[in-house]
Protein chains: 2
Amino acid sequence: MRVTTRLPVAERRAQLVAAALDVAVAEGIAATTIRRVAEQAGVALGVVHYCFEDKDELFVALATQIVDDLAAAASGALEFDEDADLATALQCAINGLWDTIEAARGEQLLTYEITTHALRTPGLQHVATRQYEVSHAAAEALLELASSTTGAAWMRPVSELAGEVLAIIDGVTLRWLVDGDGAAARERLSSLASYLNTQAKPARRRRKVSA
Amino acid sequence: MRVTTRLPVAERRAQLVAAALDVAVAEGIAATTIRRVAEQAGVALGVVHYCFEDKDELFVALATQIVDDLAAAASGALEFDEDADLATALQCAINGLWDTIEAARGEQLLTYEITTHALRTPGLQHVATRQYEVSHAAAEALLELASSTTGAAWMRPVSELAGEVLAIIDGVTLRWLVDGDGAAARERLSSLASYLNTQAKPARRRRKVSA
DNA sequence: GTCTATAGTTGGATAGAC
DNA sequence: GTCTATCCAACTATAGAC
């Protein structure tokens with residue numbers, strides 16, 4: 001299935017990262033070999049080595065890509081009703097977030113594989129760190145949007161709450177990958193939303209504009 | 001470093017599982033090859049194939065072993081003060097649990113690797129499932145012990161609470177593996193303890209036997 | 001029944017062709 | 001500058017020796 005078109009290196013890199021992502025999502029990090037990626041992209045083996053110094057560099061590119069993709073998908077799904085109170089806003093936001101997670105099982109599983117692989121590989125810790133930095137920023141954004149939309153004020157530092165939110169979403173997602181029980185996952189996240197609601201001072205009652 | 005002693009297969013298996021665990025804890029699942037295990041145990045390569053049908057079977061034995069080991073360590077660390085209220089009992093239990101987690105970084109990381117590897121490998125899902133069954137049972141035991149010791153009554157099914165506890169511990173641990181911040185992890189778990197305390201009806205006041 | 005020696009497969013990397 | 005052909009290392013598995 002080889003198409004012999006010469007391509008500038010930047011475009012090749014993009015193509016190869018996309019191919020690597022396809023393989024990694026479907027078959028896991030362990031199966032994402034240089035050979036397999038070359039095959040998926042329809043190029044010769046050496047082409048991958050020409051575009052990436054070594055396997056680690058390809059891995060870093062792959063990880064960067066999916067982390068950004070998932071963050072974009074998650075924040076794209078964030079919408080709050082106007083005139084909702086904090087409790088409903090949070091339930092709604094977390095529910096929407098879960099929709100995007102549940103729609104991308106392979107990507108989520110890959111996320112954990114990337115973390116452990118990065119932690120085990122000398123010189124690749126920064127990949128795992130970045131995963132959390134990006135997620136943390138997204139979690140903070142969610143919390144701050146919820147607060148500013150509803151007028152409620154967090155009683156603890158948002159960064160601290162974001163850390164807790166992240167941990168719970170992580171744990172719930174991993175559990176879901178194992179047991180496949182989406183309803184249970186949603187209920188666990190719903191408890192999270194309720195908990196968060198206890199960590200804020202409610203908004204001063206605004207005039208309710210009802211239908 | 002080969003010692004040429006013949007051994008009954010059961011003992012060899014045990015020795016090899018121990019060796020495999022050593023390697024896996026220190027170097028990760030990907031590095032835990034049949035060759036590496038044979039080397040670690042000081043036996044010839046083929047010996048491993050004689051004791052285990054294939055690599056997957058060795059993996060299953062390894063996973064079973066560490067799951068049981070960690071569960072035993074965790075429940076061994078569970079001790080409650082008599083005459084403590086639920087809030088302190090929970091804080092104390094979760095604190096102790098965290099001690100055992102923090103004392104075994106490699107084992108914890110391995111736990112996540114085992115999960116993802118099992119999920120990615122056809123026919124090995126049951127390994128991941130068992131991890132959660134064992135942990136879930138341990139979490140339920142913790143909750144029930146806390147309740148029976150302090151006389152408090154959970155207002156929701158213990159199984160449901162255990163699911164939430166598990167998810168949070170999982171998420172917090174994974175985060176700690178990445179950022180190494182044990183203090184932050186402890187604080188996140190402390191929030192969990194506080195949350196749990198809101199999910200129970202306090203004990204009827206018992207006569208306080210003070211010092 | 002237990003272990004050794006060897007075969008066969010897969011994968012990362014490179015020298016050099018175009 | 002881009003890609004091909006080839007090398008070498010590491011791994012799983014097995015046939016057969018003791």
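The following paragraphs cover the protein surface around DNA strand C and then one helix of chain A, in a model that is predicted.

The protein places 19 residues around DNA strand C, and those that come nearest are A:R35, A:H49, B:R12, B:A44 and B:Y50. On the DNA side, 55% of the atoms of strand C that come within 4 Å of the protein belong to sugar and phosphate. Sorted by class, the surface near DNA strand C consists of 8 nonpolar, 6 polar and 5 charged residues.

Individual atom pairs show how the two chains meet the strand. In chain A, a polar side-chain atom of A:R35 is 2.8 Å from a base oxygen of DNA strand C. A:I34 instead uses its backbone: one of its N or O atoms lies 3.1 Å from a phosphate oxygen of the strand. In chain B, a backbone N or O atom of B:V9 is placed 3.4 Å from a phosphate oxygen of DNA strand C. The elements that contribute two or more residues to this surface are α2 (34–41) and α3 (45–51) in chain A, and α1 (9–27) and α3 (45–51) in chain B.

The other topic is helix α8 of chain A, residues 158–179. Its 22 residues, at 1.5 Å a residue, should span 32 Å, and the C-alpha atoms at its ends are 31 Å apart, so the expected and modelled spans agree. Of these 22 residues, 19 are buried, which means that α8(A) is largely enclosed by the rest of the structure. After α8(A) comes A:G180, which has a positive phi near 70 degrees.

Definitions and conventions. Residues numbered from 1 in each chain as written. Chains lettered and ligands numbered in written order. Predicted model: local features only at pLDDT ≥ 70, side-chain atom pairs only at ≥ 80, totals over all residues. Heavy atoms only, no water. Near = heavy atom within 4 Å. Polar contact = N/O pair within 3.5 Å; in protein donor to acceptor, adjacent residues only side chain to side chain. Helix = DSSP H or I, 4+ residues; strand = E, 2+ residues; numbered from the N terminus. Nonpolar A, V, L, I, M, F, W, Y, C, P; charged D, E, K, R; others polar. Expected span 1.5 Å × (residues − 1). Buried < 20%, exposed > 50% of the residue type's maximum accessible area, 1.4 Å probe, protein only.
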